[in-house]
Amino acid sequence: MPAMVVIPTIGRGRRVLVDQVHSIVCHRNRNEEEQFLVCWKTGSSTQTPPLSWHSVGELGRCLEFVQDYLDNKARLLMPALALLSKKRKTPDSDTELELRPSPIDRRFNSSSRTPSTERSPSVWSASLAIPGRSNVTASSPSPSIDVYNGVLDSKNGFIVANIASGPDIPEINIQNVPTPEMAHAARRAKTTIAETLIRAAYHRRLDRVIGKKIFLVNTIDSSTPSLRFRYIPEHVLCDGVFRVSPEAQEGCDKCSPHMGRGIGCEYTKKCRCLEYAAVDEARMDDEQKELYTRIKGGYEATTDELLSLPKRFPYYAEGAKRQRAGCLVPFYLNSRRPIYECNDNCKCGPNCRNKNVQFGRTVELEIFKTASSRGWGLRCRQKLYEGQFIDTYRGEIITDAEATRREEATSSKDKASYLYSLDKFKESEGLEDEDIYVVDGEYMGGPTKFMNHSCEPNCRQYTVSYNKHDPKVYDLAFFACRDIEKGEELTFDYLDKDEGEEMDEPGDDAIPCLCGAKKCRKWLWT
Ligand SMILES: C[S@@+](CC[C@H](N)C(=O)[O-])C[C@H]1O[C@@H](n2cnc3c(N)ncnc32)[C@H](O)[C@@H]1O
């Protein structure tokens, strides 16, 4: 009984089903149609996976595989082409490859890493290694590029792939696909329709994001950010990650929406959400100084004692200069002090001046392709004021062990990384490394995923907590650290070095910094 893979299709067209596709191996143009060679999954690793050509229209449900293929095209086709060029010199084989690197070649040569100061480059990229085949190498060319393993047929809305062999079934060794001829043809074949469909799919995804519109602009090349990315409004907690439940969240109970100026919380001494907020030492009297010294010496102060010390609300309240309302006050803006916002259990009401980041982004952003080999970047479509909130960095929250696993699963130092450690309270709470959670923004997150590093940045990232008793899960919020003109790229300092602080000597994994700032430290990280 020959092995068989049944590939369900959807509707009238033979739409391929995402979870049955393993990868795209090659492409070609036939009768003005862009076709891609799909490698299907099999039930077992010993079965030879079937291959079949499909028009790009049929691949609407798995465009991310087409995008993976286009992004990795140069690497996938290179070995086969190299062999072809040795055997048969053609005018456009080796010279064209060496002298004119495609955007894809450039992408592969450009450096990329994580915004976390803690972590090395990471995150697994969709592997295009075909099951049952160790590498894409070309040996004997196939008799024709039309030949593939298996027999594919459309029956009752299914594509049925017989992994069969017999005298009338031409066979090809999957180890040798793409054949040099396939690779050669692919090199010349256009992929414009596929690129257009991928771009349109990404636009549709952006249109579904809640809040102000996010735009996508690319005047540099035909690429689109990865479709393997889901826009999410808040963190997604993965296995082994726990947060203090919202019901157990303590709210402030002495505040009310209508105290004095009607701005919710008005007196720092009443707002219990500020219990652990930073003390404004400059405003302490002698008694407070004495208490504060004792606390720093290890004395466990009561909530009332902690609240008796001078604190500050993080944001300018309504009534301040129009462009300042809601912006961070200098006490927080010019420091790394964590921000404690009020929450749904507070008595201060929905319009409290101490609620901001939790309502999400209110500014229009634009993802754009940078002209300086830094991949995609982010800019704002309106003027921003110093201290204005932009958006949070969010994603899957994973354990430290899972972060390490994901880091180790990627071998390339040139791969962008999106891991960000939630280690703000590590020292103050005596947390061990393995207790720290990590945000992975590669596959899920928000537009801030595209914020690049600058040694002279215009944004800063701040810790924002809505639950003072949860030191492990909180928001990472970006604020403008100076006025930012409309259209200016939004950047932050991945290393957050203080002025004059030295960088380590660059090691093997060092990545050059391309921020172009006058005071550039030359390395993204060392
Ligand atoms: C969080 S991502 C930022 C978005 C990224 N440019 C993209 O296209 O997805 C971090 C990666 O961007 C690139 N990058 C950011 N800032 C850079 C800089 N100043 N110089 C060089 N590469 C940079 C690096 O590849 C880094 O690993």
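**Exercise 1. Salt bridges across the chain**

How many salt bridges does the structure hold? Take Arg 312 as a worked case, and find its partner and where the two residues lie.

*Solution.*

Step 1. The model you are working with is predicted. It holds 22 salt bridges.

Step 2. Arg 312 pairs with Asp 280, and the closest N and O atoms are 2.7 Å apart. That falls inside the 4 Å cut-off for a salt bridge.

Step 3. Now place both partners. Arg 312 sits in the loop between helix H7 (303–308) and helix H8 (330–333), while Asp 280 sits in the loop between strand E9 (236–237) and helix H6 (286–296), so the bridge ties together parts that are 32 residues apart in sequence.

Step 4. Check the accessibility of each side. Arg 312 has 32% relative accessibility and therefore counts as partly exposed. Asp 280 is at 5%, so this residue counts as buried.

**Exercise 2. A bridge within a helix and a bridge between loops**

Describe the salt bridges Arg 405 to Glu 402 and Asp 493 to Arg 521, giving distance, location and burial for each pair.

*Solution.*

Step 1. Start with Arg 405 and Glu 402, whose side chains come to 2.9 Å, N to O. Helix H9 (residues 400–408) contains both residues, and they are 3 residues apart, about one turn of the helix.

Step 2. Read off the accessibility for this pair. Arg 405 has a relative accessible area of 48% and is partly exposed. Glu 402, with 21%, is partly exposed as well. Buried means under 20%.

Step 3. Move on to Asp 493 and Arg 521, which form a salt bridge at 2.8 Å, N to O. This pair links distant parts of the chain: Asp 493 is in the loop between strand E21 (491–492) and strand E22 (511–512), and Arg 521 is in the loop between E22 and strand E23 (523–525), 28 residues apart.

Step 4. Asp 493 is at 9% relative accessibility, so this residue counts as buried. Arg 521 has a relative accessible area of 18% and is buried too.

Step 5. Return to helix H9 for a wider view. Arg 405 and Glu 402 belong to a network of salt bridges that also includes Glu 396, Arg 406 and Asp 440.

**Exercise 3. Aromatic pairs**

Classify the geometry of two aromatic pairs, Tyr 393 with Tyr 420 and Tyr 462 with Phe 479.

*Solution.*

Step 1. A search of the whole structure finds 11 aromatic pairs.

Step 2. For Tyr 393 and Tyr 420, the ring centres are 5.5 Å apart and the planes make an angle of 50°, giving a tilted pair. Tyr 393 is in strand E13 (residues 389–393) and Tyr 420 in strand E15 (residues 419–421), so the pair joins parts that are 27 residues apart in sequence. Both Tyr 393 and Tyr 420 are buried.

Step 3. For Tyr 462 and Phe 479, the centres are again 5.5 Å apart, but the angle is 90°, so planes over 60 degrees apart make this pair edge-to-face. Tyr 462 lies in strand E19 (residues 459–465) and Phe 479 in strand E20 (residues 475–480), 17 residues apart.

Step 4. Tyr 462 has 1% relative accessibility and counts as buried. Phe 479 is at 0% and is likewise buried.

Step 5. Look beyond the pair: Tyr 462 and Phe 479 form one aromatic cluster with Tyr 315 and Phe 389.

**Exercise 4. The cavity**

Find how many cavities of 30 Å³ or more there are, and describe the lining of the largest cavity.

*Solution.*

Step 1. The count comes to 1 cavity of 30 Å³ or more. About 40 Å³ of space lies in the largest cavity.

Step 2. The lining is made up of Glu 250, Cys 273, Tyr 340, Glu 341, Asn 343, Ser 465, Tyr 466, Asn 467 and Lys 468.

Step 3. Sort the lining by class: there are 3 nonpolar, 3 polar and 3 charged residues.

**Exercise 5. Met 4 and the whole chain**

Locate Met 4 and its contacts, then step back to the whole chain.

*Solution.*

Step 1. Met 4 belongs to strand E1 (residues 3–8). Its relative accessibility is 43%, so Met 4 counts as partly exposed.

Step 2. Apart from neighbours within four places in sequence, Met 4 contacts Val 160, Ala 161 and Asn 162.

Step 3. The protein chain has 10 helices and 23 strands. Of its 526 residues, 51% count as buried.

Step 4. Among contacts between residues at least 6 apart in sequence, 72% join residues at least 24 apart.

Key:
Residues numbered from 1 in each chain as written. Predicted model: local features only at pLDDT ≥ 70, side-chain atom pairs only at ≥ 80, totals over all residues. Heavy atoms only, no water. Helix = DSSP H or I, 4+ residues; strand = E, 2+ residues; numbered from the N terminus. Buried < 20%, exposed > 50% of the residue type's maximum accessible area, 1.4 Å probe, protein only. Contact = heavy atoms within 4.5 Å. 1 Å grid on protein atoms, 1.4 Å probe; cavity = no way out; pocket = protein on both sides within 12 Å on 5 of 7 lines; lining within 4 Å. Points joined across faces, edges and corners; volume = space filled by probe spheres on them. Nonpolar A, V, L, I, M, F, W, Y, C, P; charged D, E, K, R; others polar. Phe/Tyr/Trp six-rings, centres within 6.5 Å; stacked < 30°, edge-to-face > 60°.
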